[in-house]
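Hi,

Here is the structure I promised to pass on to you. Have a look at it first, and then read on for what turned up in it.

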Amino acid sequence: MATVLVTGATGDLGTPTAALLREAGHEVRALSRRTGAGLVTGDLVTGAGIPEAVRGVDTIVHLASGNDESDVPATARLLEIARAEGSPRFVVISIVGIEKIPLGYYRGKLAIEKLVTESGLDHVILRATQFHQFVDMIFTAQRYLPVTFAPRLSVQPIAVDDVAARLVELVGTDAAGRVPDIGGPQVFTARELAQIWKRAVGSHKAVWPLRLPGATFAAFAAGGNLVSGSGPAYGQGTFDDYLAARYPATTL
């Protein structure tokens, strides 16, 4: 079993990943800017506490995500520290379709992948589709509007527990480089997801289709955010499963 540092360990993906790593018998250092029981305190932006957090680990699972401006330099600093502290294996989460969709955040993810690839460290890059939480957030943000807008595109949302399980598998294998992308078990139009969300939260608002101008929307509409048809979907958890746990008999 390995000693594993998990960055972003208190986030939506980090929490189940750290838990599953412990269940698998690994010693986990859960990195957070906060202090508390079971946490290793460190700041990826400033570098404070990171050498101590990295020292002696076998693997770093890098899940921390902030914004366009901070993520790339923070990852560069983490990689530099990792090389100075014994060159542990580096496992990083990324997003399906980032080379096809011209979002600033996605360009940052591409830059991070490049940094990891060129770091000289033994590494694994896993791309996943958007989480169920992201889809929920899109519709929840519209709760005060008279209608719910659904962009004219398709989505393949995946459960964070499924992504966490795949990351734990990768920690326990000798996989290297970019591994096959993973996505949820079903592809839906955004309109279909909006209707599922409405039923779960008890909303009676109409769903209106929405088409946006620009290259970014066109790339999403063309399916750039979906896993290639070259292999089966990995995820098992459905959007219905997520909503049933998130909104048990609840109305927004």
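Before anything else, one term: two residues are in contact when they have heavy atoms within 4.5 Å of each other. You are looking at a predicted model, where local features need pLDDT of at least 70 and side-chain atom pairs count only at pLDDT 80 or more, while totals for chains, interfaces and linings use all residues. Residues are numbered from 1 along each chain as its sequence is written, and side-chain values use heavy atoms, with hydrogens and water left out.

Let's begin with R166, which sits in helix 6 (residues 160–171). Helices (H or I, at least four residues) and strands (E, at least two) are DSSP runs, numbered from the N terminus. Which residues does R166 touch, leaving aside its neighbours within four places in sequence? They are L126, V179, I182 and Y234. R166 has 17% relative accessibility, so it counts as buried. The cut-offs here are under 20% relative accessible area for buried, over 50% for exposed, and partly exposed in between (1.4 Å probe, protein chains only).

R166 has company in helix 6. Of the 12 residues in this helix, 9 are buried, so the rest of the structure largely encloses it. The buried ones are V160, D162, V163, A164, R166, L167, V168, L170 and V171. Their cover includes strand 1, helix 1, strand 4, strand 5, strand 6 and helix 5. You can also check the length of helix 6: at 1.5 Å a residue its 12 residues should span 16 Å, and the end C-alpha atoms are 17 Å apart, which agrees. (The expected span is 1.5 Å times one less than the number of residues.)

Now find helix 1 (residues 14–23), where G14, P16, T17, A18 and L21 are buried. Strand 1 (3–7), strand 2 (27–32), strand 4 (59–62) and helix 6 are among the elements that cover them. Just after helix 1 comes G25, with a positive phi of about 100°.

In strand 1, take a look at L5. Is L5 buried or exposed? It is buried, with a relative accessible area of 0%. Not counting neighbours within four places in sequence, L5 is in contact with R29, L31, A53, V54, V57, T59, I60 and V61. L5 and L63 are 58 residues apart along the chain, and their C-alpha atoms are separated by 10 Å.

Helix 4 (residues 104–117) is a nice one to rotate on screen. Its 14 residues should span 20 Å at 1.5 Å a residue, and its end C-alpha atoms are indeed 20 Å apart. Y106, G108, K109, I112, E113 and V116 are buried in helix 4. They cover an arc of only 150° around the axis, which puts them on the same side of the helix; the arc is that of the directions from the helix axis to the C-beta atoms. R107 and K114 are exposed, on the face turned away from that buried side. The buried residues pack against helix 3 (68–84), strand 5 (89–95), strand 6 (123–128) and helix 8 (215–221).

How do helix 3 and helix 4 pack? Their axes are 9 Å apart, at an angle of about 10°, which makes the two helices roughly parallel. Axes are lines fitted to C-alpha atoms, for helices over the stretch in contact, and angles run from 0 to 180 degrees between N-to-C directions. Angles under 35 degrees count as roughly parallel, over 145 as roughly antiparallel, 65 to 115 as roughly perpendicular and the rest as oblique. On the helix 3 side, the contact residues include D68, V72 and L79.

Compare that with helix 5 (residues 132–140) and helix 9 (residues 239–246), whose axes come within 10 Å and cross at roughly 65°. These two are therefore roughly perpendicular to each other. H132, Q133, V135 and D136 of helix 5 meet F239, Y242 and R246 of helix 9.

Two loop residues to finish. T238 is in the loop between helix 8 and helix 9, and it touches H132, P185 and Q186, not counting residues up to four places away in sequence. S87, in the loop between helix 3 and strand 5, has a positive phi near 55° although it is not a glycine. Most residues other than glycine have a negative phi. S87 is partly exposed, at 41% relative accessible area.

Happy exploring!
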